[in-house]
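Okay, thanks for coming, everyone. I'd like to walk you through one model today, so let me put it up on the screen.

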Amino acid sequence: MTALLILGAALYGAAIGSFLNVVIYRVPLKMSITSPPSACPKCETHIQWYDNIPIVSWILLRGRCRHCGEPISVRYPLVEALTAALFVLVALRFGWSWTLPAMIIFVAGLVALAFTDLDHLLLPRAIVYPVGGLMLAALLIATVVQGSWHRLLVAVLCAAVEFALLFTINFISPRSMGFGDVRFGPLIALALGWLGWIYAFFGFLAANLIGAVVGLILIAAGRTGRKTPIPFGVFLAIGAVVAIFFGGLIHYRAA
Ligand SMILES: [Zn+2]
């Protein structure tokens, strides 16, 4: 049963990762994610289904367009592999449970938003709101089926607290935190709060810690200045993933 779950999560993750590549590329440019179909940016030949198999096609084509030989970024198979890996880890962490669908939606959203923030310093509403809506629907179904109203209440409270916190930081210093983060933070707190308030707290702490360390390393390496805007959403996403898997450690020790 576990083997089936892992295999299913890996295949589903790679397919969703392929879709996320389209979302990451097109949504910040305000392009439709359904049309036109994927094409080579150089020779504009439409990519056939057999050249569009996640990870596999890129390897078989050795990272080049079949027609004109234009290099295809290694980012595409990497996003697919990353999404597949996260789906497998989440499936192993939560097993066949009512929490699993919400967490699958959550990590898919994290991948999409981390990369749009990295590429454009953007956390588009067109991604945050659908992910938030789908996740809330999944959590509501889990709540009704399990009668876990307390968990839902904690999750919503965590989202509210994080919104208030980030809104205040943004209000005081809009340059240190964009409004995209003010929208993205509560989405993360909702998912992590469902696991327990300590997870939401841990996720926020981890994001700031990792962000500070990476920022200092980049400044020391002369790659960035103190005033360069930082894609904080990337760190919020990384902190959230760390919290899903390690946020429970504090909890167990405290209990
Ligand atoms: Zn081409």
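Let's start with a small one: where is L29 found? L29 sits in the loop between helix 1 and helix 2. Before I go further, keep in mind that this is a predicted model. L29 counts as partly exposed, because its relative accessibility is 43%. It also belongs to a nonpolar surface patch of about 440 Å², together with Y25, M31, I72 and Y76.

Now, the zinc. Which residues are the protein donors of the zinc ion? They're C40, C43, C65 and C68, each giving its SG atom, and they lie 2.3 Å from the metal. The angles between the 4 donor atoms run from 108 to 111 degrees, so the arrangement is tetrahedral. If you're looking at the sequence, the spacing of the donors reads C-x2-C-x21-C-x2-C. Take C43 and C65 from that set: C43 is in the loop between helix 1 (2–26) and helix 2 (56–60), while C65 is in the loop between helix 2 and helix 3 (75–94), so this pair ties together parts that are 22 residues apart in sequence. As for cover, C65 is buried, because its relative accessibility is 13%. C43 has a relative accessible area of 30%, so we call C43 partly exposed.

On to salt bridges. How many does the structure hold? There are 3.

One of them joins the side chains of K42 and E70, at 4.0 Å from N to O. That pair links distant parts of the chain, with K42 in the loop between helix 1 and helix 2, E70 in the loop between helix 2 and helix 3, and their positions 28 residues apart. K42 is exposed at 54% relative accessible area, and E70 is partly exposed at 26%.

Then there's D51 with R66, at 2.7 Å, N to O. D51 lies in the loop between helix 1 and helix 2, and R66 in the loop between helix 2 and helix 3, so here the pair ties together parts 15 residues apart in sequence. Is D51 buried or exposed? Buried, because its relative accessibility is 13%. R66, at 47%, counts as partly exposed.

And R75 forms a salt bridge with D119, with the closest N and O atoms 3.0 Å apart. This one links R75 in helix 3 to D119 in helix 4 (residues 99–120), 44 residues apart. Both ends are partly exposed: R75 at 27% and D119 at 37%.

While we're on helix 3, have a look at T83, which is in that helix. T83 counts as buried, because its relative accessibility is 0%. Leaving out neighbours within four places in sequence, T83 is in contact with G13, I16, G17, L20 and V111.

Last bit, some backbone oddities. As a reminder, most residues other than glycine have a negative phi, and most peptide bonds are trans. K30 has a positive phi of about 60 degrees, and K30 isn't a glycine. E44 also has a positive phi, near 60 degrees. K30 is in the loop between helix 1 and helix 2, and so is E44. K30 is exposed at 77% relative accessibility, and E44 is exposed at 60%. Finally, S35 and P36 are joined by a cis peptide bond, with omega about -5 degrees. P36 is in the loop between helix 1 and helix 2 too.

That's my tour, thanks.

Methods:
Residues numbered from 1 in each chain as written. Predicted model: local features only at pLDDT ≥ 70, side-chain atom pairs only at ≥ 80, totals over all residues. Heavy atoms only, no water. Donors = N, O, S within 2.8 Å, 3.2 Å for Na, K, Ca; no water. Tetrahedral: all angles 85-135°; square planar, octahedral: opposite > 155°, others 65-115°. Helix = DSSP H or I, 4+ residues; strand = E, 2+ residues; numbered from the N terminus. Buried < 20%, exposed > 50% of the residue type's maximum accessible area, 1.4 Å probe, protein only. Patch = residues over 30% accessible without salt bridge, like charges linked within 9 Å, V, L, I, M, F, W, Y side chains within 5 Å. Areas by Shrake-Rupley, 256 points an atom, 1.4 Å probe, with all protein chains shown as cover. Contact = heavy atoms within 4.5 Å.
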